[in-house]
Amino acid sequence: MPTIAHIDMDAFFAAIEQRDDSRLKGKPVVVGADPKGGRGRGVVSTCSYEARGYGIHSAMPISAAYRRCPHAIFLPVNMRKYSEVSRAMFDILYEFTPEIEPLSIDEAFLDITGSVRLFGPPLASLARGGPPLATGAKIKERIKEQLRLAATIGIASNKMAAKIASAHAKPDGLLEITADKLLSFLWPLPVAKMFGVGEQTEKILAAMGIRTIGDLAQIPAGSLCGRLGARGQYLWGLANGHDAREVVSAEEAKSVSHEHTFEEDTSSREELAAVLSVLCEKVSLRLRSDGLKGRTVTLKLRSGDFRTITRDATLAERTNFFDAIYATSKSLFDASCVPTKKYRLIGVRVSNFRQPYVRDSLFNDVRSEKAEKIHRAVDTIKAKFGEKGIFRGRSF
């Protein structure tokens with residue numbers, strides 16, 4: 001039976017800022033766009049747990065965050081610094097296992113099935129735990145020692161349970177769900193905690209009297225298929241603890257994507273475009289950290305009635321630059337977004353990778369090399385002087 005760990009850094013961007021400036025510790029910190037006294041148009045990238053106490057959360061309009069906590073400390077996004085810390089975090093993870101599936105700059109699945117034999121026995125403080133728990137404790141300990149940051153880890157025999165366990169243990173927690181306790185852990189939880197259960201599916205299940213994962217597990221699979229088709233069988237399997245998805249390492253990845261589901265459906269093009277920009281930044285960072293470049297950019301939009309559309313465009317050259325990814329996805333967005341329609345989800349994906357050590361051309365691409373240097377120079381300036389240290393021409 002595999003042993004899967006899900007690691008999620010706690011309030012990553014805000015925690016880094018609090019680590020680097022002791023004056024910010026214990027205070028509500030919001031990392032994102034300039035609130036401009038409540039008139040800002042961007043979104044919250046992340047926020048400290050102190051800020052979350054005021055109801056602030058990631059991807060919230062920055063103006064709403066300002067209204068909820070005007071005395072919060074609002075800081076610009078410093079992606080250069082965060083990506084450097086992310087690389088250091090992943091370097092630590094690779095000391096424990098090569099089987100790592102990055103989900104974002106601060107989140108990943110790890111297959112530690114083999115690692116538990118190398119990094120046991122349990123620590124003295126975890127005398128009642130087994131080798132998987134000891135392995136998770138050592139990962140957390142090493143991250144805290146080397147990066148001075150907190151991470152939460154959930155451990156289980158499959159991906160879904162591991163991710164739910166980490167969410168359950170936040171912040172700075174460690175929770176192992178052993179195979180014999182898997183169903184007793186899952187079944188009391190609401191069905192919304194499961195993979196693949198969104199707002200619309202939750203309503204359908206509620207109409208069937210299904211509110212918990214246990215309710216879903218105990219209903220005949222045929223009844224679910226009658227309402228949800230083949231997806232009903234899949235959800236029934238998950239509810240009964242069957243999740244066959246394996247950890248897909250970065251080298252095996254066929255695409256890198258990020259998406260965001262809004263708490264309330266929105267028709268605001270400005271809000272949608274702002275979130276799209278954040279998603280493109282995350283995809284760009286993932287591609288860079290994994291040493292990947294993609295040629296196909298895909299936009300995903302899901303409307304309030306749960307209808308999903310995808311649009312893609314293939315570039316002339318492979319890239320991991322934010323500019324190219326955002327410009328392409330924004331063009332697809334402008335052509336696909338219906339002004340009067342409300343949307344509940346937006347996402348962006350980059351795929352069509354080349355092999356890491358195979359060149360696209362026998363000749364040096366001078367333009368690409370120059371662009372790489374320009375991006376590094378811009379990153380350096382922003383790292384030293386902050387996000388306002390340099391602006392793109394279209395920002396004025």
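**Group meeting: a walk through the model**

Let me start at Met60, which sits in the loop between α2 (49-52) and α3 (62-68). This is a predicted model, so please hear everything that follows as computed from that prediction. Is Met60 buried or exposed? Its relative accessible area is 4%, and because the cut-off for buried is under 20%, Met60 counts as buried. What does Met60 touch, once its neighbours within four places in sequence are set aside? The contacts are Gly42, Val43, Val44, Gly55, Ala65 and Arg68. There is also a distance to note here: the C-alpha atoms of Met60 and Thr46 are 9.1 Å apart, and 14 residues separate the two along the chain.

Now the whole protein. The chain has 396 residues, and 46% of them are buried. The secondary structure consists of 15 helices and twelve strands. If you take the contacts with a separation of 6 or more, 63% of them are between residues 24 or more positions apart. The accessible surface is about 19,800 Å², with 51% of that belonging to carbon and sulfur atoms.

Back towards the N terminus for a moment, to helix α1, residues 12-20. This helix is mostly covered, with eight of its nine residues buried. The buried set includes Phe12, Phe13 and Ile16, but also Glu17, Gln18 and Arg19. Ala14 and Ala15 complete the list.

Next, a pair of helices. Helix α4, residues 79-94, packs with α6. Their axes come within 10 Å and cross at roughly 140°, and the crossing is right-handed. Which residues make the contact? From α4 they are Val85, Ala88, Met89, Ile92 and Leu93. From α6 they are Ile139, Arg142, Ile143, Gln146 and Leu147. By class, that gives eight nonpolar residues, one polar and one charged.

Just past the end of α6 there is a backbone feature. Arg148 lies in the loop between α6 (131-147) and β7 (151-156). Its phi is near 55°, which is positive in a residue that is not glycine. For background, most residues other than glycine have a negative phi, and most peptide bonds are trans. As for its surroundings, Arg148 has a relative accessibility of 55% and counts as exposed.

The next loop I want to show has two such features. It runs between α7 (159-169) and β8 (174-176), and Pro171 is found there. The peptide bond that joins Lys170 and Pro171 is cis, with omega about -5°. Asp172 is in the loop between α7 and β8 as well. Asp172 has a positive phi, about 50°, and is not a glycine. Is Asp172 buried, exposed or partly exposed? Its relative accessible area is 35%, so Asp172 is partly exposed.

Now the sheet. Four strands form an open sheet in the order β9-β12-β10-β11, and the pairing is antiparallel. Which strands are at the edges? They are β9 (255-266) and β11 (308-319), each of which pairs on one side only. From one strand to the next, the twist averages 15°. Taking one pair in detail, β9 and β12 (residues 343-353) are joined by eight bridges in the antiparallel sense. In that pair, Ser255 stands opposite Ser351 of β12.

A helix lies over this sheet. Helix α13, residues 269-290, lies across β9, β10 (294-303), β11 and β12. Relative to β9, α13 runs at about 155°.

Helix α13 also packs with α14, residues 322-336. The two axes come within 9 Å and cross at roughly 145°, and this crossing, too, is right-handed. On the α13 side, the contact residues include Arg269, Leu272, Leu276, Cys280, Glu281, Val283 and Leu287. On the α14 side, they include Phe322, Ile325, Tyr326, Lys330, Phe333 and Asp334. Counted by class, the contact has ten nonpolar, three polar and four charged residues.

To recap the places worth finding on screen: the buried Met60, the cis bond between Lys170 and Pro171, and helix α13 lying across the four strands β9, β10, β11 and β12. That is what I have.

Key. Residues are numbered from 1 along each chain as its sequence is written. This is a predicted model: local features need pLDDT of at least 70, side-chain atom pairs count only at pLDDT 80 or more; totals for chains, interfaces and linings use all residues. Side-chain values use heavy atoms; hydrogens and water are left out. Buried means under 20% relative accessible area, exposed over 50%, partly exposed in between (1.4 Å probe, protein chains only). Contact means heavy atoms within 4.5 Å. Accessible areas come from the Shrake-Rupley method with a 1.4 Å probe; for residues, only the protein chains shown count as cover. Two strands pair if DSSP finds at least two bridges between them. Axes are lines fitted to C-alpha atoms, for helices over the stretch in contact, and angles run from 0 to 180 degrees between N-to-C directions. A crossing is left-handed if the near helix is turned anticlockwise from the far one by less than a right angle, and right-handed if clockwise. Ala, Val, Leu, Ile, Met, Phe, Trp, Tyr, Cys and Pro count as nonpolar, Asp, Glu, Lys and Arg as charged, and the others, Gly among them, as polar.
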